[in-house]
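Q: I've got a fold open in my viewer and I'd like to learn how to read it. Can you walk me through it, one feature at a time?

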Amino acid sequence: MKNNDEIIETCPVATTVNLIGNKWKLLIMRNLLQRPWRFNELQKSLDGISQKVLTDSLRAMEKDGIIIRTVYAEVPPRVEYSLSEIGESMRPILNAMQDWGNDYKIKMENS
């Protein structure tokens, strides 16, 4: 039987789910598709996310090459998060998820 790492290595769907497949990462990406965001802006826009979960998610996404963390040499320091080229390449996936979700809602309302 294959372990999780082997499945991720061989299955492209599992790879994608592993990179962005939790609620918070998807919502962070949704925001970053609009523009760069600062940490506090992201936290305020994501109702219910803790500082630790946001920090951990951003670190993981940066490590995975999905986002870029830019530190500006200002006083006080300013840090912004934006999508990397790899993160930006996920735009069609997230757009398709949005379209599917909207279609699903309509079908459920009409059933």
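A: Sure. Keep in mind that this is a predicted model. Let's begin with strand β3, residues 78-83, which is mostly covered: six of its six residues are buried.

Q: Which way do the residues of β3 point?

A: The general idea first: in a regular strand, side chains alternate between the two faces of the sheet. Here, Arg 78, Glu 80 and Ser 82 point one way from β3, while Val 79, Tyr 81 and Leu 83 point the other way. Residues on both sides are buried.

Q: Which strands are joined to β3, and by how many bridges?

A: Take β2, residues 67-72, to begin with: six bridges join β2 to β3, and the two run antiparallel. A hairpin through five residues links β2 to β3. For landmarks, find Ile 68 opposite Ser 82, and Val 71 with Val 79 as its bridge partner in β3. Then there's β1, residues 37-38, joined to β3 by two bridges, again antiparallel. In that pairing, Arg 38 stands opposite Glu 80.

Q: Now the interior. Which residues touch the most other members of the largest nonpolar core?

A: As a rule, nonpolar side chains in soluble globular proteins tend to be buried together. In this model the largest nonpolar core has 22 residues, and those touching the most other members are Ile 28, Met 29, Leu 32, Leu 54, Leu 58, Ile 67 and Tyr 81. At least two core residues come from each of α2 (12-20), α3 (23-32), α4 (39-45), α5 (51-63) and β3. The largest share, four residues, is supplied by α3.

Q: Say I pick Ile 67. What is it in contact with, leaving aside neighbours within four places in sequence?

A: Ile 67 has contacts with Leu 32, Leu 58, Met 61 and Glu 62, and also with Tyr 81, Ser 82, Leu 83 and Ser 84. Of these, Leu 32, Leu 58 and Tyr 81 are on that list of core residues touching the most other members.

Q: And on the outside, which residues make a nonpolar surface patch?

A: Look for Trp 100, Tyr 104 and Met 108, which make a patch of about 380 Å². Tyr 104 sits in helix α7, residues 91-109.

Q: Why does Tyr 104 count as partly exposed?

A: Because its relative accessibility is 43%, and partly exposed covers the range between the buried cut-off, under 20%, and the exposed one, over 50%.

How values were computed. Residues are numbered from 1 along each chain as its sequence is written. This is a predicted model: local features need pLDDT of at least 70, side-chain atom pairs count only at pLDDT 80 or more; totals for chains, interfaces and linings use all residues. Side-chain values use heavy atoms; hydrogens and water are left out. Buried means under 20% relative accessible area, exposed over 50%, partly exposed in between (1.4 Å probe, protein chains only). Two strands pair if DSSP finds at least two bridges between them. A nonpolar core is a set of buried Ala, Val, Leu, Ile, Met, Phe, Trp, Tyr and Cys residues joined through side-chain atoms within 4.5 Å. Contact means heavy atoms within 4.5 Å. Patches are made of residues with over 30% relative accessible area and no salt bridge: like charges are joined within 9 Å, nonpolar side chains (Val, Leu, Ile, Met, Phe, Trp, Tyr) within 5 Å. Accessible areas come from the Shrake-Rupley method with a 1.4 Å probe; for residues, only the protein chains shown count as cover. A salt bridge is a side-chain nitrogen of Lys or Arg within 4 Å of a carboxyl oxygen of Asp or Glu.
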